[in-house]
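Let us walk through this structure one strand at a time. Keep the sequence and the 3D view side by side as you read.

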Amino acid sequence: MSGLGRDERDVALLAASKGGSSTRQIRLTDYIGNGKLASTPYLVKVDENRFLMLWEEFDYQGDSTAAIDRGVCYVEMDASGEVLGKTQSLPSASLSNDCRPILIDGGVTWYINTMVGRMFYQISV
């Protein structure tokens with residue numbers, strides 16, 4: 001949209017205790033103020049104690065307000081919200097608003113629709 005400034009967004013997870021007596025925010029990115037944008041986050045349950053958080057990453061070049069797609073980032077987390085490793089990326093991948101990633105045969109799988117057809121992605125877990 002014309003006239004709008006840069007839209008910078010982080011990925012954060014809000015974790016609540018089982019009884020709901022306490023909550024905490026877990027920031028997974030540090031994009032605000034750094035010319036980056038996170039979009040289309042998904043949290044996928046891998047097993048009873050593991051989850052995969054995925055999001056699409058964009059960044060800005062110079063003073064431009066047009067963001068460039070840098071692919072899909074993901075990180076594994078445990079049930080308490082602790083990050084289990086480094087953030088990984090799939091630079092050529094995209095996420096979809098109409099296909100939620102799900103666990104299939106040991107991998108987190110999703111598709112996107114493109115001009116040439118449907119494209120599938122999978123991250124082994």
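What follows is a tour of the strands, the sheets they build and a few side chains.

One caution comes before the start: this is a predicted model. A little background also helps. Strands of a sheet pair through backbone hydrogen bonds, either parallel or antiparallel. In a regular strand the side chains alternate between the two faces of the sheet.

Begin with strand β1, residues 12-16. Its side chains show the alternation clearly enough to read off by name. Leu13 and Ala15 point to one face and are buried. Ala12, Leu14 and Ala16 point to the other face and are not buried. The partner of β1 is strand β2, residues 23-27. The two pair in the antiparallel sense over five bridges. Find leucine 14, and you will see glutamine 25 of β2 standing opposite. β1 and β2 form a hairpin, with six residues between them. In that turn, glycine 20 has a positive phi of about 80°.

Now move on to the four-stranded sheet. It is open, and its strands come in the order β3-β4-β5-β6. The pairing is antiparallel. Which strands stand at the edges? They are β3 and β6 (88-90). Each has a single partner strand, so one side of each is left without a neighbour in the sheet. Neighbouring strands of this sheet are turned by 25° against each other on average, direction ignored.

Look next at strand β4, residues 50-60. Is it largely enclosed or largely open? Of its 11 residues, 10 are buried, so β4 is largely enclosed by the rest of the structure. Take its pairing with β3 next. Strand β3 covers residues 36-47, and it pairs with β4 in the antiparallel sense over nine bridges. Lysine 45 has phenylalanine 51 in β4 as its bridge partner. The two strands form a hairpin with two residues between them.

Then turn to the pairing with β5. Strand β5 covers residues 67-78, and 11 bridges join it to β4, again in the antiparallel sense. Tryptophan 55 stands opposite cysteine 73 in β5. β4 and β5 form a hairpin too, with six residues between the strands. Glycine 62 in this hairpin takes a positive phi near 60°.

Stop at one residue of β3: serine 39. Is serine 39 buried or exposed? Its relative accessible area is 19%. Buried means under 20%, so serine 39 counts as buried. Its bridge partner in β4 is glutamate 56. Serine 39 also touches Glu56, along with Arg9, Trp55 and Phe58, if residues up to four places away in sequence are not counted. One polar contact of its side chain goes to the side chain of threonine 40, at 3.2 Å.

The next stop is another open sheet, with three strands in the order β7-β8-β9. Here too the pairing is antiparallel. β7 (102-104) and β9 stand at the edges, each with a single partner strand, so one side of each is left without a neighbour in the sheet. The twist averages 40° from one strand to the next. Three bridges join β7 to β8. Isoleucine 102 stands opposite threonine 109 in β8.

Now look for aromatic rings. A pair of aromatic rings is described by the distance of the centres and the angle of the planes. How many aromatic pairs does a search of the whole structure find? It finds two. Tryptophan 110 and tyrosine 121 form a stacked pair, 5.4 Å centre to centre with 25° between the planes. Tryptophan 110 lies in β8 (residues 107-114) and tyrosine 121 in β9 (residues 117-124), 11 residues apart. Both tryptophan 110 and tyrosine 121 are buried.

Tyrosine 111 and phenylalanine 120 form a pair that is tilted. Their centres lie 5.7 Å apart, with 55° between the planes. The two partners sit in contrasting surroundings. Tyrosine 111 is buried, at 17% relative accessibility. Phenylalanine 120 is exposed, with a relative accessible area of 56%. Tyrosine 111 has a further companion: arginine 118 lies over the face of its ring, at 4.0 Å from the ring centre.

Definitions and conventions: Residues are numbered from 1 along each chain as its sequence is written. This is a predicted model: local features need pLDDT of at least 70, side-chain atom pairs count only at pLDDT 80 or more; totals for chains, interfaces and linings use all residues. Side-chain values use heavy atoms; hydrogens and water are left out. Buried means under 20% relative accessible area, exposed over 50%, partly exposed in between (1.4 Å probe, protein chains only). Two strands pair if DSSP finds at least two bridges between them. A polar contact is a pair of N or O atoms within 3.5 Å; within protein, one must be able to donate a hydrogen and the other to accept it, and residues adjacent in sequence count only if both atoms are side-chain atoms. Contact means heavy atoms within 4.5 Å. Rings of Phe, Tyr and Trp (its six-membered ring) pair if their centres lie within 6.5 Å; planes under 30 degrees apart count as stacked, over 60 as edge-to-face and the rest as tilted. A charge sits over a ring if NZ of Lys or CZ of Arg is within 6 Å of the ring centre and within 35 degrees of the ring normal. Axes are lines fitted to C-alpha atoms, for helices over the stretch in contact, and angles run from 0 to 180 degrees between N-to-C directions.
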